[in-house]
Amino acid sequence: MPRITHFEIPANDPEQSMAFYERVFGWTFEKFSGFDYWIARTGPDDWPGINGAIMKRRDPMQPMTNAIDVPNLDDAIRSIKASGGQIVVEKMAVPSVGWVAYFKDPDGVILGVWQSDPNAK
């Protein structure tokens with residue numbers, strides 16, 4: 001069953017945001033190569049919870065999002081559309097990591113869908 005496995009926090013000043021989350025919660029960050037994107041480790045892997053990221057805000061209205069891990073992104077996109085959802089960011093590759101798209105559910109909530117794929121280009 002697909003589950004939420006990742007979050008993204010958009011920030012106008014990612015360095016300031018990372019400093020805040022590090023001071024307040026003890027999170028650690030590692031820059032993702034080639035992007036204004038920093039992976040956030042929110043705790044040990046054997047604790048409940050998920051890790052995420054802070055990214056440079058791309059749009060003034062960009063919300064914080066959660067990503068749902070799916071086995072097949074194309075199938076998920078078809079199901080989203082058939083069920084009344086709307087794709088707001090088309091499928092795109094994260095090279096050597098996977099595929100991602102963003103959608104609005106029928107109530108307007110934006111979420112991401114993610115498929116891991118080391119062959120993504």
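The exercises below, each with a worked solution, concern a predicted model.

**Exercise 1. Lay out the sheet: give its strand order and say which strands are at the edges.**

Step 1. The sheet is open, has 8 strands, and runs in the order β2-β3-β4-β1-β5-β8-β7-β6 with mixed pairing.

Step 2. β2 (28–31) and β6 pair on one side only, which makes them the edge strands.

Step 3. Ignoring direction, neighbouring strands are turned against each other by 25° on average.

**Exercise 2. Describe how β4 pairs with β1 and with β3.**

Step 1. Between β1 and β4 (residues 51–56) the sense is parallel, over 6 bridges.

Step 2. Two positions can be placed in this pairing. Phenylalanine 7 is opposite glycine 52 of β4, and proline 10 is opposite methionine 55 of β4.

Step 3. Between β3 and β4 the sense is antiparallel, over 4 bridges. Here isoleucine 39 has alanine 53 of β4 as its bridge partner.

**Exercise 3. Place the helices α1 and α2 relative to the strands.**

Step 1. Helix α1 (residues 14–25) packs on the sheet and touches β1, β2, β3 and β4. The direction of α1 makes about 150° with that of β4.

Step 2. Helix α2 (residues 73–82) lies across β6, β7 and β8. Relative to β6, helix α2 runs at about 175°.

**Exercise 4. Decide whether threonine 65 is buried, partly exposed or exposed, and list its contacts.**

Step 1. Threonine 65 belongs to strand β5.

Step 2. The relative accessible area of threonine 65 is 5%. Buried means under 20%, so threonine 65 is buried.

Step 3. Residues up to four places away in sequence are not counted. Threonine 65 then touches His6, Phe7, Glu8, Tyr102 and Ile110.

**Exercise 5. Do the same for valine 88, and locate it relative to alanine 101.**

Step 1. Valine 88 sits in strand β6, one of the edge strands.

Step 2. The relative accessible area of valine 88 is 34%. This value falls between the limits of 20% and 50%, so valine 88 is partly exposed.

Step 3. With neighbours within four places in sequence left aside, valine 88 is in contact with Tyr102, Phe103, Lys104 and Ile110.

Step 4. Valine 88 and alanine 101 are 13 residues apart along the chain, and their C-alpha atoms are separated by 7.8 Å.

**Exercise 6. Characterise the largest pocket by volume, lining and residue class.**

Step 1. The volume of the largest pocket is about 730 Å³.

Step 2. Its lining holds 24 residues; Glu8, Met55, Arg58, Met92 and Tyr102 are those nearest the centre.

Step 3. At least two lining residues come from each of β1 (3–11), β3 (37–41), β5 (65–69), β6 (86–94), β7 (98–104) and β8 (110–116). β6 gives the most, with 5 residues.

Step 4. Sorted by class, the lining comprises 18 nonpolar, 3 polar and 3 charged residues.

Step 5. Two names link this pocket to earlier solutions. Met55 and Glu8 are among the residues nearest the pocket centre; Met55 stands opposite proline 10, and Glu8 touches threonine 65.

**Exercise 7. Characterise the second largest pocket in the same terms.**

Step 1. The second largest pocket has a volume of about 160 Å³.

Step 2. The residues that line the second largest pocket are Thr5, Thr42, Gly43, Pro44, Asp45, Trp47, Pro48, Gly49, Ile50 and Asn51.

Step 3. By class, this lining has 4 nonpolar, 5 polar and 1 charged residues.

Definitions and conventions. Residues numbered from 1 in each chain as written. Predicted model: local features only at pLDDT ≥ 70, side-chain atom pairs only at ≥ 80, totals over all residues. Heavy atoms only, no water. 1 Å grid on protein atoms, 1.4 Å probe; cavity = no way out; pocket = protein on both sides within 12 Å on 5 of 7 lines; lining within 4 Å. Points joined across faces, edges and corners; volume = space filled by probe spheres on them. Nonpolar A, V, L, I, M, F, W, Y, C, P; charged D, E, K, R; others polar. Buried < 20%, exposed > 50% of the residue type's maximum accessible area, 1.4 Å probe, protein only. Contact = heavy atoms within 4.5 Å. Pairing = 2+ DSSP bridges. Axes fitted to C-alpha atoms, helices over the stretch in contact; angles between N-to-C directions.
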